[in-house]
Amino acid sequence: MPFLLLPLSETNSIRIFLLVCLSFSLHQMYSFLEEESESFSALFASLFFTLGSPLFTGRLLFGRGIVLFLGFIFLYLRKYKEKKWIHVFLISFFSVWTYAGFPILFIFSFFFLLGDYFKTKDLTYKPVLYTVSGLALGMIFHPSFPNQFEGYFLELIVQAFPPADTEAIAEWLAPERSLIWGGIWYLLLFIIYHIFHGNEFSITQKIFLSLTIIYLIFGISSLRLFEYYFLFGYLFCFSGKPSPRQINYAGIAALLLILFPITYGKMKIQYEFTDPNPAFSTADWITKNLPEEKKIFLSWGDYPYFVFRAPEKNYLFGLNPIYSWAYDQKKYTLQRSFFEGSSLDYEQIPGILGYKYAVVNLHYYKPVADALKRSKKAELVYENERYRVFRMIGTNK
């Protein structure tokens, strides 16, 4: 929010927000690794972090809360090692405000508790109590009070076990296996080398390795719990005794010659797929030709483009179907039936919900768009390579 007070366009304000948060997070990460590692290879670590997993690092560029929360993770780890418990409490408190992944701090404190016990045979509950107290108070004294309770319930519980009648959003879909396996080869090489040379892993590394394995299982099966395996695998490799220079050079060569072309190819397809111009052209046509029409029937996946280009219009609902489902299951089911064409007289659904015009994405819903084009209950009024706009006719409420 403070960045939106700058005398700049929202787009540039968000870019500055991204730059500041990424700088903070990467600075905290490299500071933590320098404190943990005997010899830190900044060049290799930077390349590995950037190219090792486009699913993880690419997500940071969305400008969502994780880009700030990532810095809180490393700041938490640093202050935990320094035994500055008031700092641990404050970081835990404010982390709840940044991102729904904040329970990972409790997981850290629990694993460190176990690690300290195996090392010293003594249980010290103070770090866990400071962490849990910070998280609990951050949940209660929240800027979104009292909506944070329902919001985090939806984010952490319902989204982890989504209802069968909701659509799967992109984060839930399993990634291509070629991408998720991309960074594992170095992890295996790292483990084999150090075991062969009789090197022992530190308690911190063992904790990171355990978390890597846990999240890797979730990551390969689905993305309901986003692939933190890469982050923890990365920390496992770079937070202990370094690999020899030859392995680092081999890793850099493999990243540049093998993984970078794969990453570039995948991202090129993604950028082409998410080209906003067809959506902007459609929104511009609606603004020019339907100035009096305040309500537009639109799928949730297209909402960001249209609300950005034509914010004066009211759309069906925005991101993440879980929230729409939780708000009104009947209306959510109706709109889904329209875009899937799965109910009798589905053409009447926009009118039943009070909409005269419907926008259909040809990439996602081409069968429905083709059926509407032939239907006598809909009139095609605009079309481009990605979208069709229909005027719905003869709705019987």
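## Close-up views of a predicted model

**View 1. Strands β4 and β5 run side by side.** In this predicted model, β4 and strand β5 (residues 387–392) are antiparallel and are joined by five bridges. One place to look is L380, whose bridge partner in β5 is F390. The two strands make a hairpin, with three residues between them. As a reminder, strands of a sheet pair through backbone hydrogen bonds, either parallel or antiparallel.

**View 2. The whole sheet comes into the frame.** Now let us add the remaining strand. The open sheet has three strands in the order β3-β5-β4, with antiparallel pairing. Its edges are β3 (357–361) and β4 (378–383), each of which pairs on one side only. On average, and ignoring direction, neighbouring strands here are turned by 30 degrees against each other. Helix α14 (residues 277–289) packs on this sheet and touches β3, β4 and β5, and its direction makes about 30 degrees with that of β5.

**View 3. Strand β5 and its partner β3.** Five bridges hold β3 and β5 together in the antiparallel sense. Find A358 and look across to β5: the bridge partner there is F390, the residue that also serves as bridge partner to L380. Is β5 enclosed or open to the outside? Five of its six residues are buried, so β5 is largely enclosed by the rest of the structure.

**View 4. Residues of the largest nonpolar core.** This core has 57 residues, and the members that touch the most others are L77, F108, Y228, F232, Y234 and L235. Which residues does F232 touch, leaving aside those up to four places away in sequence? They are I104, F108, F208, L211, T212 and Y215. A second, separate core holds 25 residues, including V158, W300, A378 and F390.

**View 5. A cluster of aromatic rings.** The structure holds 31 aromatic pairs. A good one to begin with is Y80 and W85: the ring centres are 5.4 Å apart and the planes stand at 85 degrees, so this pair is edge-to-face. Both Y80 and W85 are buried. They belong to one aromatic cluster, together with F32, F74, Y76, F108, F112, F208 and F232. Two names from the previous view return here, F108 and F232.

**View 6. Y303 meets Y315.** A pair of aromatic rings is described by the distance of the centres and the angle of the planes. For Y303 and Y315 the centres are 6.2 Å apart and the planes are at 85 degrees, so this pair is edge-to-face. The pair links distant parts of the chain, with Y303 in helix α15 (residues 303–309) and Y315 in strand β2 (residues 314–315), twelve residues apart. Which of the two is buried, and which is partly exposed? Y315 is buried, with a relative accessible area of 10%, whereas Y303 is partly exposed, at 25%.

**View 7. A charge over a ring.** Here K295 and Y355 share the frame. The charged end of K295 sits over the ring of Y355, at 4.6 Å from the ring centre.

**View 8. Two loops with backbone details to notice.** Most residues other than glycine have a negative phi, and most peptide bonds are trans. In one loop, between α7 (126–140) and α8 (147–158), we find P146. The peptide bond joining F145 and P146 is cis, with omega about 0 degrees. In another loop, between α4 (66–81) and α5 (85–98), lies K83. The phi of K83 is positive, near 60 degrees, although K83 is not a glycine. Is K83 buried or exposed? K83 is exposed, with a relative accessible area of 57%.

**View 9. Stepping back to the whole chain.** Finally, the close-ups can be placed in their setting. The chain has 19 helices and five strands. Of its 397 residues, 47% count as buried. Among contacts between residues at least 6 apart in sequence, 70% join residues at least 24 apart.

Notes:
Residues are numbered from 1 along each chain as its sequence is written. This is a predicted model: local features need pLDDT of at least 70, side-chain atom pairs count only at pLDDT 80 or more; totals for chains, interfaces and linings use all residues. Side-chain values use heavy atoms; hydrogens and water are left out. Two strands pair if DSSP finds at least two bridges between them. Helices (H or I, at least four residues) and strands (E, at least two) are DSSP runs, numbered from the N terminus. Axes are lines fitted to C-alpha atoms, for helices over the stretch in contact, and angles run from 0 to 180 degrees between N-to-C directions. Contact means heavy atoms within 4.5 Å. A nonpolar core is a set of buried Ala, Val, Leu, Ile, Met, Phe, Trp, Tyr and Cys residues joined through side-chain atoms within 4.5 Å. Buried means under 20% relative accessible area, exposed over 50%, partly exposed in between (1.4 Å probe, protein chains only). Rings of Phe, Tyr and Trp (its six-membered ring) pair if their centres lie within 6.5 Å; planes under 30 degrees apart count as stacked, over 60 as edge-to-face and the rest as tilted. A charge sits over a ring if NZ of Lys or CZ of Arg is within 6 Å of the ring centre and within 35 degrees of the ring normal.
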